[in-house]
Amino acid sequence: MSDWIRVCATDELLPGETAVAWDGDTPILVFNYDGDYYALEDRCSHEDFELSAGSFDADEATIECTLHGARFDVRDGRALCAPAYAPVPKFPVKVEDGAVWTRDDR
Ligand code: FES
């Protein structure tokens with residue numbers, strides 16, 4: 001299990017915004033949904049496309065993959081519509097020293 005990765009300062013990730021960080025080979029997409037932080041692997045479970053290229057709906061807490069339109073709940077990574085059925089892995093997030101941190105805890 002790896003150490004925590006610093007994503008960015010908290011004031012660089014405001015409600016409705018996203019940021020990408022890497023933990024080794026794992027791209028992690030971090031969301032600020034209404035003041036709460038969530039992190040998912042930045043990889044669509046349909047065809048391994050980066051979710052960060054898609055659009056984050058900060059009202060619905062969803063991310064839509066730009067390649068074929070699958071949507072995921074950013075709070076737990078579950079797939080909400082075809083063509084994706086498998087969830088996207090979810091990672092822990094913490095706020096410490098004025099920054100947002102995450103890690104691949106698999
Ligand atoms: S790769 Fe994301 S919906 Fe197909």
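In this predicted model, Lys94 sits over the face of Trp101, 6.0 Å from the ring centre. A charge counts as over a ring if NZ of Lys or CZ of Arg is within 6 Å of the ring centre and within 35 degrees of the ring normal. Residues are numbered from 1 along each chain as its sequence is written. The model being predicted, local features need pLDDT of at least 70 and side-chain atom pairs count only at pLDDT 80 or more, while totals for chains, interfaces and linings use all residues; side-chain values use heavy atoms, with hydrogens and water left out.

Lys94 also stands opposite Trp101 of E10 in the strand pairing. The names work like this: helices (H or I, at least four residues) and strands (E, at least two) are DSSP runs, numbered from the N terminus. Two strands pair if DSSP finds at least two bridges between them. Strand E9 (residues 93-96) is joined to E10 by 4 bridges, and the two run antiparallel. The hairpin they form has 2 residues between the strands, and Asp97 there takes a positive phi near 55 degrees.

Thr102 belongs to strand E10 too, which covers residues 99-102. Thr102 counts as buried because its relative accessibility is 0%; buried means under 20% relative accessible area, exposed over 50%, and partly exposed in between (1.4 Å probe, protein chains only). The side chain of Thr102 reaches the backbone oxygen of Pro92 at 2.7 Å. Setting aside residues up to four places away in sequence, Thr102 touches Asp3, Trp4, Ile5, Val7, Ile28, Val30, Ala39, Phe91, Pro92 and Val93, where contact means heavy atoms within 4.5 Å.

Next comes the open sheet. Its 4 strands follow the order E2-E3-E4-E8, with antiparallel pairing. At the edges are strand E2 (18-23) and strand E8 (90-91), each of which pairs on one side only. In general, strands of a sheet pair through backbone hydrogen bonds, either parallel or antiparallel. Going across the sheet, E2 and E3 pair in the antiparallel sense over 6 bridges, and Asp23 has Thr26 in E3 as its bridge partner. E3 and E4 are likewise antiparallel and joined by 6 bridges, with Asn32 standing opposite Tyr37 in E4. The hairpin of E3 and E4 has 2 residues between the strands, and in it Asp34 takes a positive phi near 55 degrees. At the far end of the order, 2 bridges join E4 to E8, which run antiparallel, and Leu40 stands opposite Lys90 in E8.

What about the greasy interior? The largest nonpolar core has 16 residues, and those with the most contacts inside it are Phe31, Leu51, Phe56, Ile63, Phe72 and Val74. A nonpolar core here is a set of buried Ala, Val, Leu, Ile, Met, Phe, Trp, Tyr and Cys residues joined through side-chain atoms within 4.5 Å. Two or more residues each come from strand E3 (26-33) and strand E4 (36-41), with E3 giving the largest share, 3 residues. A second, separate core of 10 residues includes Leu13, Ala21, Phe91 and Val100. Beyond four places in sequence, Val74 touches Phe31, Tyr38, Leu40, Phe56, Ala61, Thr62 and Ile63.

A search of the whole structure turns up 1 aromatic pair. The ring centres of Phe31 and Phe56 are 5.0 Å apart and the planes are at 65 degrees, so the pair is edge-to-face. For the record, rings of Phe, Tyr and Trp (its six-membered ring) pair if their centres lie within 6.5 Å; planes under 30 degrees apart count as stacked, over 60 as edge-to-face and the rest as tilted. The pair links distant parts of the chain, with Phe31 in strand E3 and Phe56 in strand E5 (residues 55-57), 25 residues apart. Both Phe31 and Phe56 are buried.

Finally, strand E7 (residues 71-73) holds Arg71 as well as Asp73. Arg71 is partly exposed, because its relative accessible area is 31%, whereas Asp73 is buried at 3%. Arg71 and Cys81 are 10 residues apart in sequence and 5.8 Å apart in space, C-alpha to C-alpha. Not counting neighbours within four places in sequence, Arg71 is in contact with Thr62, Ile63, Glu64, Arg78, Ala79, Leu80 and Cys81. On the same basis, Asp73 touches Leu40, Ala61, Arg78 and Leu80.

Terms used. A polar contact is a pair of N or O atoms within 3.5 Å; within protein, one must be able to donate a hydrogen and the other to accept it, and residues adjacent in sequence count only if both atoms are side-chain atoms.
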